[in-house]
Amino acid sequence: MTSARQLGDILLKVEDVSLSFGGVKALEHVSFDVREREIRAIIGPNGAGKSSMLNVINGFYQPQEGTIMYRGRSHRHMRPHEAASEGIARTFQNIALFRGMSTLDNLMTGRNLKMKKNLLWQALYLGPARREEIEHREFVEHIIDFLEIQAIRKTPVGRLPYGLQKRVELGRALAAEPSLLLLDEPMAGMNTEEKEDMCRFVLDVNDEFGTTIILIEHDMGVVMDISDRVVVLDYGRKIADGMPDDVRTNSEVIEAYLGVMH
Amino acid sequence: MQVLYAFLVGPFVQMGQAPVFFAEVVINGLLTGVMYSLVALGFVLIYKASGTFNFAQGVMVLFAALTLVGLMEHGVPVWLALILTVAVMVVLAFAIERLMLRPLINQEQIILFMATIGLTFFLEGFGELLWGSNVKRLDIGVPDRSFEVGGMLLNQFDLFAAAIGAALVAGLAVFFQKTPIGRALRAVADDHQAALSVGIPLKTIWVVVWSVAGIVAMVAGIMWGAKSGVQFSLSLIALKALPVLILGGFTSVPGAIIGGLIIGVGEKVAEVYWGPLVGGAIENWFAYVLALVFLLFRPQGLFGERIIERV
């Protein structure tokens with residue numbers, strides 16, 4: 001359904017990236033590109049290197065080989081701070097929220113890089129810094145409305161049920177007004193209803209804000225439904241890349257998922 | 001029966017009979033309590049931001065006081081010595097971030113804790129190397145005089161120290177709870193990776209926190225040093241901060257303050273009213289017993305974040 005959409009220019013291009021930890025090769029010569037306003041899925045069996053790929057893109061891991069081209073600029077590797085300030089936001093496979101803080105405060109941390117007033121102003125919390133805080137608060141309230149989490153605004157996130165925590169984490173990423181959003185298994189461990197909600201949010205984010213999304217997901221139904229193009233990884237290598245329908249019928253992909261008869 | 005009366009009723013009768021004296025005891029307890037809070041605060045700051053217990057906090061108190069006294073002995077005026085000491089603590093914070101925290105990023109908390117033990121020995125030795133190991137007198141120009149108000153005997157220096165401590169503590173509480181940096185600090189405390197992913201600069205946050213902890217240590221060092229002389233035992237007041245932390249919770253600034261006050265008042269009152277019954281010296285162990293009771297019944301402390309485990 002979405003495959004016929006017009007996609008923009010190339011936003012991110014991963015070229016020939018290899019990453020290893022000691023003798024373990026997590027990624028081997030992986031290349032793919034992501035176009036603007038695209039929903040790009042990365043799939044593959046457990047341990048295929050999907051999360052490693054996201055960690056390379058937002059600078060948590062530094063690959064030994066290859067380059068990452070983002071917004072036309074080529075990088076040997078990214079750095080987390082640089083990635084964040086260039087508009088790459090992410091969520092984590094195992095929720096990484098600030099558990100002791102309220103939903104609102106968690107979302108406000110997402111605005112961190114948008115705060116222009118320097119440390120001293122912030123520390124004194126006087127005039128301009130206070131006005132700035134109010135502006136950011138307004139923006140965050142929009143996201144709270146968008147994700148329908150008004151009721152848990154003041155609740156410490158550690159107390160929220162799993163599905164809502166995932167939603168708050170998405171909210172924190174959105175608060176940064178990202179141009180590229182990395183979602184690491186946003187629907188893992190959810191029930192059908194929660195999954196449908198999350199799917200709707202992902203599609204709405206893409207549609208309303210024009211955000212490019214890279215998505216890791218195990219639920220094939222979801223992947224085939226919402227993504228424009230799919231990369232398939234297996235044992236750190238790319239084994240397929242294309243439209244959902246092409247990937248589904250690719251024999252190597254079927255082998256990787258179902259195993260081969262010997 | 002008589003024993004029970006002496007322990008459970010007698011002290012309260014005494015309190016009721018001499019309310020002015022009781023008020024004096026409480027106020028003096030509060031004044032001591034502020035000083036405990038001050039030391040505990042240094043621990044809380046670092047625990048919040050690095051998630052590690054800073055074993056070196058006590059030595060940082062000593063080191064700051066030694067630096068200040070050492071500078072003053074070389075004829076530096078008080079105000080300049082204060083500024084220089086603050087500068088030294090900030091430089092120390094930068095060095096700690098660069099040489100200790102950065103190489104150990106993403107390591108287990110216990111490893112960071114071990115590193116702070118190393119830091120303790122380093123600062124102890126380095127302080128002595130620079131300024132010698134003699135007991136030094138610290139005079140910051142506030143007289144240690146007592147005076148009477150409404151029949152209560154109060155100490156001028158204690159009042160001064162409490163005022164400074166209270167101002168510092170109030171400032172820090174607002175800083176943590178209300179400002180964006182405070183929020184960033186709490187974020188770093190909760191999850192390093194997530195903090196990085198939203199672009200919070202870990203290094204800056206660490207330098208800020210260790211600088212502030214250094215300055216808090218300096219203030220504590222001045223207050224305690226001026227009372228009892230600047231010497232090695234100054235680093236042991238950190239031990240008094242432990243029960244304060246257990247009472248208040250390791251992650252709570254208001255907790256450190258109230259914990260300090262409770263212990264200050266508690267041990268003074270216990271000493272004066274129950275001390276004679278057991279032969280005195282309650283002050284020395286009261287705080288630790290109270291901490292033990294808290295560990296049994298409320299391990300997260302009065303204000304600590306609730307420990308929620310999902311199974």
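Which side chains meet in a salt bridge at 3.4 Å, N to O? They are D105(A) and R186(B), where a salt bridge is a side-chain nitrogen of Lys or Arg within 4 Å of a carboxyl oxygen of Asp or Glu.

Before going on, some ground rules. This is a predicted model, where local features need pLDDT (the predictor's confidence in each residue, from 0 to 100) of at least 70 and side-chain atom pairs count only at pLDDT 80 or more, while totals for chains, interfaces and linings use all residues. Residues are numbered from 1 along each chain as its sequence is written, chains are lettered from A and ligands numbered from 1 in the order in which they are written, and side-chain values use heavy atoms, leaving out hydrogens and water.

Chain A has a mean pLDDT of 86, with 92% of its residues at 70 or more. An automatic or database assignment splits chain A into domain 1 (1-87 + 178-262) and domain 2 (97-176).

Here are the two interfaces, with contact meaning heavy atoms within 4.5 Å and buried area meaning the accessible area (1.4 Å probe) that two parts lose on being put together, summed over both.

| Interface | Residues in contact | Buried area |
|---|---|---|
| chain A and chain B | 32 residues of A, 24 residues of B | about 2300 Å² |
| domain 1 and domain 2 of chain A | 21 residues of domain 1, twelve residues of domain 2 | about 1300 Å² |

Inside chain A, P178(A), M198(A) and F201(A) supply 35% of the area that domain 1 buries against domain 2. Two salt bridges are counted between these domains. D197(A) and R167(A) also meet through their side chains in a salt bridge, at 3.5 Å, N to O.
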